Amino acid sequence: MQLPVLDLLARYAHLLFALVWVGHNYANFIQNPRFVPLQNGVDVAALNRDLEARMKREHGVFRYASLVWLSGLVMLWQRGWLVDALLLQGPLAVIGLGAWIGTLMLLNLWLVLWPHQKKLLGFVPATLEERIRCSRITFLSSRSNTILSIPLLFLMATGGHGLHLY
């Protein structure tokens, strides 16, 4: 099925949202190179409303940018590659492995990172002990996605521009 306009839109959406998503991961990695546990005595009520609004906006953009995954599936489907890629068959195994890593990253973000981050940031009520525990989980979850983005980007580029090597 040839839908050139759909393909063009999917490519640009994939590129734009991938830049936002991966850029956020790397910015977070640079700003927070090591884990610093949440300290006892942090006054949750003292959070600035402006800061809270900015955090909600930033984390919202980041979360929804992760849906770049859908545009990747649309591109694979549009080319007739989706099944072979997801089953890791033939030369499409390269891009398929990238798709599976992207799926793992998406699930990590929505099912692990975000539920804990809501508690940590105070968007959901939580005890201080729970917030301290969540700070470590969000740190590790975020770092996992950052580390996984390196092979993901390599496999995506190789799948589209280096298949002759395989």
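Modeller: Let's settle one term up front: a residue is buried when its relative accessible area is under 20%. Also, keep in mind that this is a predicted model.

Colleague: Fine. Is Met105 buried or exposed?

Modeller: Met105 is found in helix H5. Its relative accessibility is 0%, and the cut-off is under 20%, so Met105 counts as buried.

Colleague: What distance separates the C-alpha atoms of Met105 and Leu148?

Modeller: Along the chain the two are 43 residues apart. In space, though, the C-alpha of Met105 and that of Leu148 are separated by 7.3 Å.

Colleague: Let me step back to the whole chain. What does its secondary structure come to?

Modeller: From the N terminus on, the elements run α-α-α-α-α-α. That makes the total 6 helices and 0 strands.

Colleague: What percentage of the residues of the chain count as buried?

Modeller: The chain has 166 residues. Met105 is one of the buried ones, and the share that counts as buried is 36%.

Colleague: Which helix gives the most to the largest nonpolar core?

Modeller: That core has 12 residues, including Trp21, Phe62, Val94, Met105 and Leu152. Two or more residues come from each of H1 (4-31), H2 (49-65), H5 (93-120) and H6 (128-161). With 5 residues, the top contributor is H5.

Colleague: How many residues does the second core have?

Modeller: This one is separate from the largest core. Ala85, Leu92, Ile95 and Ala99 are among its members, and its size is 5 residues.

Colleague: On to H3. What is its reach from first C-alpha to last?

Modeller: H3 covers residues 68-79, which is 12 residues. At 1.5 Å a residue you'd expect 16 Å, and the model comes close to that, at 17 Å.

Colleague: Which residues of H3 are buried?

Modeller: Val68 opens the list, and it also belongs to the largest nonpolar core. The full buried set in H3 is Val68, Ser71, Gly72, Leu73, Met75, Leu76 and Gln78.

Colleague: And just after H3, which residue takes a positive phi?

Modeller: The phi there is about 80°. The residue that takes it, just after H3, is Gly80.

Colleague: Which residue other than glycine has a positive phi value?

Modeller: Look in the loop between H4 (82-86) and H5. The residue there is partly exposed, with a relative accessible area of 41%. Its phi is near 55°, and its name is Leu88.

Colleague: Thr103 next. Which side chain does its side chain make a polar contact with?

Modeller: Thr103 has its place in helix H5. It counts as buried because its relative accessibility is 14%. At 2.7 Å, its side chain makes a polar contact with the side chain of Trp69.

Colleague: Which residue's backbone oxygen does the side chain of Thr158 reach?

Modeller: Thr158 sits in helix H6 and, at 8% relative accessibility, counts as buried. Its side chain reaches a backbone oxygen at 2.8 Å, and that oxygen belongs to Phe154.

Colleague: Last one: how much accessible area do Leu8, Tyr12, Leu15 and Leu19 have together?

Modeller: These four form a nonpolar patch on the surface, and Leu15 is found in helix H1. In an α-helix, residues three or four places apart point the same way, because there are 3.6 residues a turn. Together, the patch residues have an accessible area of about 450 Å².

How values were computed: Residues numbered from 1 in each chain as written. Predicted model: local features only at pLDDT ≥ 70, side-chain atom pairs only at ≥ 80, totals over all residues. Heavy atoms only, no water. Core = buried A, V, L, I, M, F, W, Y, C linked by side-chain atoms within 4.5 Å. Buried < 20%, exposed > 50% of the residue type's maximum accessible area, 1.4 Å probe, protein only. Helix = DSSP H or I, 4+ residues; strand = E, 2+ residues; numbered from the N terminus. Expected span 1.5 Å × (residues − 1). Patch = residues over 30% accessible without salt bridge, like charges linked within 9 Å, V, L, I, M, F, W, Y side chains within 5 Å. Areas by Shrake-Rupley, 256 points an atom, 1.4 Å probe, with all protein chains shown as cover. Salt bridge = Lys/Arg side-chain N within 4 Å of Asp/Glu carboxyl O. Polar contact = N/O pair within 3.5 Å; in protein donor to acceptor, adjacent residues only side chain to side chain.
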